[in-house]
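Visitor: I've got a model open and a pile of labels that I'd like to see justified. Can we go through them one at a time?

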Amino acid sequence: MNVNGGDAVQLGLRAGLAEVARAAGVSKMTVSRVLNDRPDVSTETRQRVLAIMEDLDFHPNRYARALKGGRSGVIGLICPATNFYGPTQVLFGVEEAARNANLAVIVATSSSLDSHSLQSAIARLEESSVEAIIIISPLVSSGDALRGLVSAVPTLAIWAPSDAGVVVTGMDHRTAAATATQHLLDLGHPSVHHISGPLDWTGAEQRMLGWQTTLEAAGIVPPPVLEGDWSAAAGHEAGLQLLRDPSVSAVFTANDQMALGLYRAAFELGRRIPDDLSVVGYDDGPDSPHYTPPLSTVHQDFQMLGARAFHRLNRMMNGETKPEIDPDDTPRLIIRASTAAYLR
């Protein structure tokens with residue numbers, strides 16, 4: 001079953017009653033009888049159905065509860081169609097937390113998070129009897145779409161603008177970016193340049209604001225921002241522009257991939273890290289400690305964010321109309337070998 005129509009795919013849907021029945025060659029009623037340990041099922045049929053359940057990773061306890069209590073045991077998750085590290089890891093965090101709570105997840109991806117796409121995705125998920133919905137919505141422009149949503153089930157957004165009109169959870173990127181920028185200033189650098197992510201992303205916007213306000217508080221006029229697209233290629237292109245200026249001694253990039261591209265530009269232009277160029281990234285992806293030199297960066301626990309979003313949604317599913325607001329976690333700065341004191 002594809003809940004997304006033509007331009008999106010469904011991921012992570014565990015087998016349901018219909019799939020078990022089809023694979024075993026029996027009716028859904030027979031599967032229900034097996035689940036409820038009814039005596040009017042032959043031993044051969046019972047064994048075949050149980051074997052199919054195991055093969056399809058079907059969870060009898062969850063579906064027995066649904067049959068008896070009227071709950072599906074399934075939540076929906078809507079996210080942009082992207083392979084970026086952060087959204088993917090958040091998705092894994094939600095799915096693992098849901099699995100530990102004996103719930104399944106239907107994931108609907110879409111190339112657009114506009115009002116029509118979001119409302120259509122919600123309608124299709126509701127047709128699949130989801131109990132609640134999480135939306136991974138990193139774009140500033142999705143705020144208007146979220147404010148106009150109509151959903152019959154509890155709905156929560158991750159990374160959305162705070163005024164999106166739904167319950168929102170996320171990270172305090174502004175404070176974390178300020179910490180990263182201040183670290184470079186504390187090393188004596190006269191200024192800090194910034195390679196941002198796409199500024200339609202809430203995270204990129206907040207990181208830029210954290211960098212900007214920290215420089216202004218120090219009496220430094222922020223230099224022009226170079227906007228990237230999260231890719232190493234964008235970091236490389238921006239680096240070639242920045243590093244031809246010998247006065248540039250410190251750069252804060254909005255993610256680690258763009259820092260990788262900046263490293264390449266520094267190598268090509270004969271700039272040594274950290275001897276005459278200090279670099280701080282953002283994310284602390286699994287490769288960051290293995291850059292040459294290892295990258296100082298801001299650590300985000302994406303899977304924890306996904307799990308925290310799920311637990312908050314779970315409280316809403318259990319009747320809390322106004323769940324306690326969890327403070328946004330502040331990603332922490334990890335100092336490695338890519339930053340050093342300014343010696344000019």
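Visitor: Let's start with helix α8, residues 173-186. Which strands does α8 lie across?

Guide: In this predicted model, α8 lies across β9, β10, β11 and β12. The helix runs at about 165 degrees to β10.

Visitor: What makes that direction roughly antiparallel or roughly parallel?

Guide: The cut-off for roughly antiparallel is over 145 degrees. α8 makes about 165 degrees with β10, so the label is roughly antiparallel. Helix α9 (residues 202-217) also packs on the sheet, touching β7 (193-196), β9 and β10. Its direction makes about 170 degrees with that of β7, which is over 145 and therefore roughly antiparallel too.

Visitor: What is the strand order in that sheet?

Guide: The order is β8-β7-β9-β10-β11-β12, an open sheet of 6 strands with mixed pairing.

Visitor: Why are β8 and β12 called edge strands?

Guide: β8 (226-227) and β12 each pair on one side only.

Visitor: How do you know that β10 and β11 pair?

Guide: Pairing takes at least two bridges. Strand β10 (residues 278-283) and strand β11 (residues 296-299) are joined by 4 bridges, so they pair. They run parallel, and Asp 283 has His 299 in β11 as its bridge partner.

Visitor: What about β11 and β12: how many bridges join them?

Guide: There are 3 bridges between β11 and β12 (residues 332-334), and these strands run antiparallel. His 299 turns up again here, standing opposite Arg 332 in β12. On another stretch of the sheet, 3 bridges join β9 (residues 250-253) to β10 in parallel, with Ala 250 opposite Ser 278.

Visitor: Now the helix pair α10 and α11. Why is α10 called oblique to α11?

Guide: Helix α10 (residues 232-242) and helix α11 (residues 256-268) pack at about 40 degrees, with axes 6 Å apart. Roughly parallel needs an angle under 35 degrees, and roughly perpendicular spans 65 to 115. About 40 fits neither, so α10 is oblique to α11. Their crossing is right-handed. Among the residues making the contact are Gly 235 and Leu 240 of α10 and Met 258 and Arg 264 of α11. The contact residues divide into 7 nonpolar, 5 polar and 2 charged.

Visitor: Last one. What makes Arg 99 and Glu 95 a salt bridge?

Guide: The cut-off is a nitrogen to carboxyl oxygen distance within 4 Å. Arg 99 and Glu 95 meet at 2.3 Å, N to O, so the pair counts as a salt bridge. Both residues lie in helix α5 (residues 85-100), 4 residues apart, about one turn of the helix. The structure holds 8 salt bridges.

Note on methods: Residues are numbered from 1 along each chain as its sequence is written. This is a predicted model: local features need pLDDT of at least 70, side-chain atom pairs count only at pLDDT 80 or more; totals for chains, interfaces and linings use all residues. Side-chain values use heavy atoms; hydrogens and water are left out. Helices (H or I, at least four residues) and strands (E, at least two) are DSSP runs, numbered from the N terminus. Axes are lines fitted to C-alpha atoms, for helices over the stretch in contact, and angles run from 0 to 180 degrees between N-to-C directions. A crossing is left-handed if the near helix is turned anticlockwise from the far one by less than a right angle, and right-handed if clockwise. Contact means heavy atoms within 4.5 Å. Ala, Val, Leu, Ile, Met, Phe, Trp, Tyr, Cys and Pro count as nonpolar, Asp, Glu, Lys and Arg as charged, and the others, Gly among them, as polar. A salt bridge is a side-chain nitrogen of Lys or Arg within 4 Å of a carboxyl oxygen of Asp or Glu.
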